[in-house]
Amino acid sequence: MLQIDRWKRILIIGICLLGLAYAMPNLFYNRVEAHNDAVATIEKTGVTTPELVQARDGWPGWLPSGLVNLGLDLRGGAHLLGEVQVDQVYKARMDSLWPELRRALADERATIGAVRRVPAPDGVLKIEIGQPDQLARAVEIVRGFSEPVTTLTGAGQSSLAIDAQGNAITIRLSDAEKAVTDDRTIQQSLEIIRRRVDEVGTREPTIMRQGTDRILIQVPGIGSAAELKALIGTTAKLTFNPVVGTGADPDARVGIGQVVLPAADQEGVYYTVEETPVVTGEELTDALPSTDQNGMPSVDFRFNPTGARKFGAYTSANVGQPFAIVLDDQVISAPVIRQAITTGSGQISGSMDYEEANRLAVLLRAGALPAELTFLEERTVGPELGQDSIDAGRIASAVGFVAVIVLMILSYGLFGLFASVALAVNMGLIFGVLSMIGATLTLPGIAGIVLTIGMAVDANVLVFERIREEKKTARGPARAIEQGYERAMSAIIDANITTLIVAAILFVLGSGPVKGFAVTLTIGIVTSVFTALFVTRLLTIAWFERARPRQIEV
Amino acid sequence: MAFRLKLVPDNTNIDFFRWQVLTFGLSSVAAVLSVVALFVFGLNFGIDFKGGTTIRTESTQAVDVGEYRQALQPLDLGDVAITQVYDPTFREDQHVAQVRVSAQEGTEAVTPETISAIEAALQEVDPSITFPQIESVGPKVSGELIQTAIYAVLASLAAISVYIWLRFEWQFAVGAIVSLLHDVLITMGVFAAFQIKFDLTTIAALLTIVGYSINDTVVVFDRLRENLMKYKKRPLRDLMNLSVNETLSRTVMTSGTTLVALIALLILGGDVIRGFVFAITFGILIGTYSSVYIAKNVVLWLGVKRDWSKKDPEQDGSPFSNAEAP
């Protein structure tokens, strides 16, 4: 008969309360946001100011403090979709390979004859040798520059694809190496952009990879996409400068052509360096974390030929002297030159752990964008427009909500009231889930919620209509209610699963706001089925047990 | 007895096939007209699909479209469309316009110079003007967006038909798909005929319509399936009428609550999402209609296998079942 086990009741009520608890912070949006920001700042900097403490205490720490993220269309900000020109890296790799290759081949000039580079498309290195019959020997030398590539799928492939014909050798990056290179290029670009954007210190920027070669950048609170573009376009400036001295005084007197720069990770340490760098980051081709001969963490780096020449000349003349690695006017490291570095590659070792080595490598690589970024899409939304949208959405939701409740109560009386309570719980649950998973609410997302308000009662309507029908045949109201729920079940499930399918497809294929809409729609479907099947039912049964009506009016 | 709002009487016995020729005919005509409209007028693609730039302007002074146009003339931007936006939610001194510039020849990416030139030119005309929203989409992305949009619609149609086929029978799946295509086509036709902006959010709206319409159709199908088991001998046509009549109050009620909520959003939700909400609202109406008048007609026409014990698929209500052998 009509009953729900006690533990089930507790579970249903528990889920509702949990959802509502998670939704609640959204009612105090500004306070909670200030609290969250303050907590994050205190954690990051370790500094507590009275303002921060006040903001932090504006919301009790033991309460849930997750908020529904507001999308750019609601908060205002800038959105950029950039495409990384990964091909440029292939070209750069080939161009930097050529001098090394020429040197190696020149050593064998006696057998293979004169070597020259002939025009070829970007990313392809084509060379011709004087003695076609010695092609095999030349290829062998070229092959020496190829390294094995290890990927998940392409293990055992080498980095260069070499093609020999007549007296010509065509060299390009192999597909496996291209894939690895692309990945690294995108990672580097992401890292650089992240560092760039973080510098402005705005809240929660979204910087993520999209597809194979795209980067999506969303920064709330920034004035315009053009501003954001200018910011990202600025390349991080990395230089290697001779060190004149070290001190603790930022205003130390310095000679002509010298500057005082702070150490990046040591408070109160300042370096006096020559302003003219020995080598700049533009001449760096790569940096990777590794270990030195003592097994200590270090960073390997490599210069291009010009950089290598300059670096070699400087290091051989200054053994035993420190030199500064300067990034954006901060000294990130100042190792002592132990020996002349003429190979174009070097190692930075010192007191660092693996994590620091990794970070330094990233920083070194992050110096300049590895490839040009072209912008495919840019959107700017002013904060006022976003606020207008929120206000409009709020009013529309409230009006829609009240209208639906009126319609339900007029149509189904007490049962309509139950459904309305369930609808209110449903709204709470949607916001609770959105806050819990940290989803982003967009303008179409608000539309999704309003649509849910309308559709959420559908499962209830199906049940109520069914109860009405069953009342005609069933013996007694309890039986009618029970039958109503039972019989309406398959329609509810089929109807909602099909909608869920659409929402899932919207989520997978949609981008940006459409995705936001899909998320709210999905959550709305799940919570509305839950509230209709459990909450309304619980209310109905609880009422039934108390009132024990002979007759029900649906 | 307490007062009850009854949108539909308790016991209805409407013959939904009575106007079969008319409704099916009207739907067919509407579908054909939609295709014609799509070819003749074409869809008014937003920048999502066409590429280009839209700038929303806001000013405390009244908008003079002619003046704006004149200010932008010397910039040589190609196709420029300036429209004033009206909305009941606007404040008294809020004057909004939309400037749309088509994608610039030969540039893959968006040029900030163009945007700042436009901004400067408009500020010349009206110093109080601000630009609350600027959107720029390069032609490369817009092409891909069209592609994924089409995939999304097709994928959802396919997934739904598979689900219906698994849960019901293939005739139901065909009926559902026909009615969904009908809804999507006519909604797109309306967008083409009235040149309403068609962008990424419109696709979301179309898919929502698909979801809602199928939701509605499935409820009728579900009841039909139940009645098919209950009344083994009654003709399919009668059972369909019975099923629609039985679920009619639910259909009207749910459409009613959904429409009420959407109309609130349509009026009060602001102009930014109006097109989107309009598409959904229109789709709910047509989706409700199609689940009553289109989906089941197709199923009736195809027939449903009633008795699984017989080898010979002699189907009730099938157009072939009563055909005499020559």
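Two residues are in contact when heavy atoms of each lie within 4.5 Å. With that cut-off, S161(B) touches A173(B) and I177(B), leaving out residues up to four places away in sequence. The structure is a predicted model.

**S161(B) and its surroundings**

S161(B) sits in helix α5 of chain B, which covers residues 139–167. Its relative accessible area is 18%. Buried means under 20%, so S161(B) counts as buried. The UniProt record, an unreviewed entry, lists a transmembrane region at residues 145–166 of chain B. Another of its transmembrane regions is residues 173–194.

**Annotated spans of chain B**

The same kind of record gives chain B further transmembrane regions, including residues 21–43, 200–221 and 242–267. Residues 273–295 are also on that list. A domain is placed by UniProt at residues 118–303 of chain B, under the name "Protein export membrane protein SecD/SecF C-terminal". That entry is unreviewed. The table sets out the computed make-up of three of these spans.

| Span of chain B | Helix | Strand | End C-alpha atoms apart |
|---|---|---|---|
| Residues 118–303 | 82% | 5% | 62 Å |
| Residues 173–194 | 95% | 0% | 32 Å |
| Residues 273–295 | 91% | 0% | 30 Å |

**Chain B as a whole**

Chain B has ten helices and six strands. Its radius of gyration is 25 Å, well over the 20 Å that the globule rule gives for 326 residues, so chain B is more spread out than a compact globule. Along the principal axes, its C-alpha atoms fill a box of roughly 80 × 55 × 30 Å. Of its 326 residues, 53% count as buried. Take the contacts in chain B between residues at least 6 apart in sequence: 78% of them join residues at least 24 apart. The accessible surface of chain B is about 15,000 Å², and carbon and sulfur atoms hold 62% of it. Chain B carries 25 positive and 33 negative side chains. The centres of those two sets are 16 Å apart.

**Chain A as a whole**

Chain A contains 16 helices and 21 strands. Its radius of gyration is 33 Å, whereas a compact globule of 554 residues would have one near 24 Å. The C-alpha trace of chain A spans about 110 × 65 × 45 Å along its principal axes. Buried residues make up 51% of the 554 in chain A. Among contacts between residues at least 6 apart in sequence, 68% link residues at least 24 apart. The accessible surface of chain A is about 25,900 Å², with 55% belonging to carbon and sulfur atoms. Chain A has 49 positive and 60 negative charges, and their mean positions are 8 Å apart.

**D458(A), a residue in contact with chain B**

D458(A) belongs to helix α14 of chain A, residues 443–473. Is D458(A) buried or exposed? D458(A) is buried, at a relative accessible area of 5%. Which residues does D458(A) contact, beyond its neighbours within four places in sequence? They are N215(B), R250(B) and T254(B). Two of the annotated transmembrane regions of chain B, residues 200–221 and 242–267, span these positions. Within its own chain, D458(A) is 234 residues from S224(A) in sequence. In space, the two are 43 Å apart, C-alpha to C-alpha.

Definitions and conventions: Residues are numbered from 1 along each chain as its sequence is written. Chains are lettered from A and ligands numbered from 1 in the order in which they are written. This is a predicted model: local features need pLDDT of at least 70, side-chain atom pairs count only at pLDDT 80 or more; totals for chains, interfaces and linings use all residues. Side-chain values use heavy atoms; hydrogens and water are left out. UniProt positions are given in the numbering used here, feature names are shortened, and annotations may be inferred rather than shown by experiment. Helices (H or I, at least four residues) and strands (E, at least two) are DSSP runs, numbered from the N terminus. The radius of gyration is taken over C-alpha atoms; the globule rule is 2.2 Å times the number of residues to the power 0.38. Buried means under 20% relative accessible area, exposed over 50%, partly exposed in between (1.4 Å probe, protein chains only). Accessible areas come from the Shrake-Rupley method with a 1.4 Å probe; for residues, only the protein chains shown count as cover. Lys and Arg count as positive and Asp and Glu as negative; His and the chain ends are not counted. The place of a charge is taken as NZ of Lys, CZ of Arg, CG of Asp or CD of Glu.
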